[in-house]
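Here are my notes, written as numbered points you can follow with the model open. Have a look at the chain first, then read on.

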Amino acid sequence: MTGRNLRVNGERLWNRLMEMAEIGATPKGGVCRLTLSDEDKRARDLFAEWCRAAGMTVEVDAMGNMFARRKGRRAGPAIMAGSHLDSQPTGGKFDGALGVLAALEAVETMNDAGIETDYPIEIVNWTNEEGARFAPAMVSSGVYAGAFSLDEAYGFTDKSGATLGQELERIGYKGALPVGGRDWKASFEVHIEQGPILEREGLPVGVVTGVQGIRWYDVIIKGDEVHAGPTPMDRRRDPVRGLHEVLAGCYKAAAEQGEWMRFTVGDLKAQPGSRNTVPGVVSFTVDLRHPQDEVLDGMEQAMREIARKAGDAHNLDITVERIWNSPPVAFDEACIASVETAAQTCGYATRKLFSGAGHDSVYVARVVPTSMIFVTSQNGISHNEAEYSSPEACKAGADVLLHALLDQAGIVGE
Ligand SMILES: [Zn+2]
């Protein structure tokens, strides 16, 4: 069988996904495998056992990140594929585990076909992607890329007061290797989409070209607290009048930015919050997301302008404060091309899309050329026990990963 016709064993992949999901299985069919818990340790042990049985060596770094390596003809650099085995408290079977096990399936398929690659393949299980037990999320890929220091990460504490460093030691996964600086040429991550786009368009897999930028704002509108009865309408400085105009203006501006703009007001408060008092202050949060910084800049400017006009029109003090900025990530052109070509080779219809959620690849992309492969999520549901991707969708993701890896690693003799 030549490289092009190679396909993964979908049944083996599915069986492993289901076996892995038994570790931390919840009554409603989901998974609770919090990072560095006893369940996480069992998942890690099982993953390591499967990798060794597939002829790989397994190493662990000081953040508990696991590296399973399949030799190439050259010593390095390796082509990396990874994701995470930890889950949300009421998570699903596929978020994270699919990316790790699809990579293992790609290696098993190469083994079965007797394929030798020019460059080695390395599978990574990143510690604490979810951030559900120890916030923030994507901690270990973050340490790997230099976003957090090792000591900072060891100090993150869970609700019971246990630190990440202590728990790494307790489950026996504080490894000897330094964190970061591995010799990698390219990196890929298969992940469920966690959104509805692929399913809506009837596509099994998507080519991920980047991750949306996220900006958070606090908007505060100040007027005067007065009695709802005696105070004539024209004598009020009513923040809700401003609110109404600011929100209408922002929704209109967001719609003008096209398909990828996300404008969310997730929390809204009136003070003092009494039905017969005109509130003195109304405040709300804004979560803004888009793949391009320029568009986010434009939307931010529009928000400030809308706020200024509403403030002037109704004699209100309106402030728009940006409190967090996570810039957009653009994945590597060559890695994106490898994924696109791989999908074509396998005959899967696909489209390009951005990730609306964070992934380890966000940090990995800072230090290694990276792309991702998305797999259809039923109803776009994730971080939920009902999360589901079909065996066909999971196989498609692994097939595309296999060919992206072969494209980057090169088949000896072809
Ligand atoms: Zn995930």
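1. A word on vocabulary before anything else: helices (H or I, at least four residues) and strands (E, at least two) are DSSP runs, numbered from the N terminus. With that in hand, I121 can be placed in strand β4. Please keep in mind that this is a predicted model, where local features need pLDDT of at least 70 and side-chain atom pairs count only at pLDDT 80 or more, while totals for chains, interfaces and linings use all residues. Residues are numbered from 1 along each chain as its sequence is written, and side-chain values use heavy atoms, with hydrogens and water left out.

2. Let's stay with I121 for a moment. Buried means under 20% relative accessible area, exposed over 50%, and partly exposed in between (1.4 Å probe, protein chains only). I121 has a relative accessibility of 1%, so I121 counts as buried. What does I121 touch, not counting residues up to four places away in sequence? Taking contact to mean heavy atoms within 4.5 Å, the list is A68, R69, R70, I79, V107, M110, L405 and A409. A307, on the other hand, is 186 residues from I121 in sequence and 52 Å from it in space, C-alpha to C-alpha.

3. Next, the zinc ion. Donors are N, O and S atoms within 2.8 Å of the metal (3.2 Å for Na, K and Ca), and water is not among the atoms, so sites may look incomplete. Which protein donors does the zinc ion have? They are H84 (NE2), D95 (OD) and H191 (NE2), at 2.0 to 2.2 Å from the ion. Along the chain, these donors follow the spacing H-x10-D-x95-H. Distant parts of the chain are linked here: D95 is in the loop between β3 (78-83) and α3 (97-112), H191 is in strand β5 (residues 184-192), and the two are 96 residues apart. D95 is buried at 7% relative accessible area, and H191 is buried too, at 1%.

4. Now the aromatic rings. Rings of Phe, Tyr and Trp (its six-membered ring) pair if their centres lie within 6.5 Å; planes under 30 degrees apart count as stacked, over 60 as edge-to-face and the rest as tilted. How many aromatic pairs does this rule give? The count is 13. One of them joins F94 and Y388, an edge-to-face pair with 5.9 Å centre to centre and 85° between the planes. F94 sits in the loop between β3 and α3 and Y388 in the loop between β16 (370-375) and α12 (391-409), so this pair ties together parts that are 294 residues apart in sequence. F94 is buried, at 1% relative accessibility, whereas Y388 is partly exposed, at 31%.

5. Another pair worth finding is W126 with W184. Their ring centres are 6.2 Å apart and their planes are at 90°, so the pair is edge-to-face. W126 lies in the loop between β4 (121-125) and α4 (139-144) and W184 in strand β5, so parts 58 residues apart in sequence are tied together. W126 is buried at 2% relative accessibility, and W184 is buried at 9%. Both rings belong to one aromatic cluster, formed by F67, W126, Y144 and W184.

6. W126 turns up again beside S140, a residue of helix α4. Is S140 buried or exposed? At 0% relative accessibility, S140 counts as buried. Leaving aside neighbours within four places in sequence, S140 is in contact with M63, N65, W126, T127 and V179.

7. Two helices later in the chain deserve a look. In helix α11 (residues 360-367), the buried residues are D360, S361, V362, Y363 and V364. Their cover includes β3, α4, β5, β6 (205-211), β14 (329-330) and β16. In helix α12 you'll find L401, which is buried at 1% relative accessible area. L401 is in contact with A81, A102, A103, F188, V190 and I373, leaving aside its neighbours within four places in sequence. L401 and I373 are 28 residues apart in sequence and 7.3 Å apart in space, C-alpha to C-alpha.

8. Finally, zoom out to the domains, whose bounds come from an automatic or database domain assignment. The chain is divided into domain 1 (3-211 + 329-409) and domain 2 (213-326). Their centres, taken over C-alpha atoms, are separated by 39 Å. Six residues of domain 1 are in contact with five residues of domain 2.
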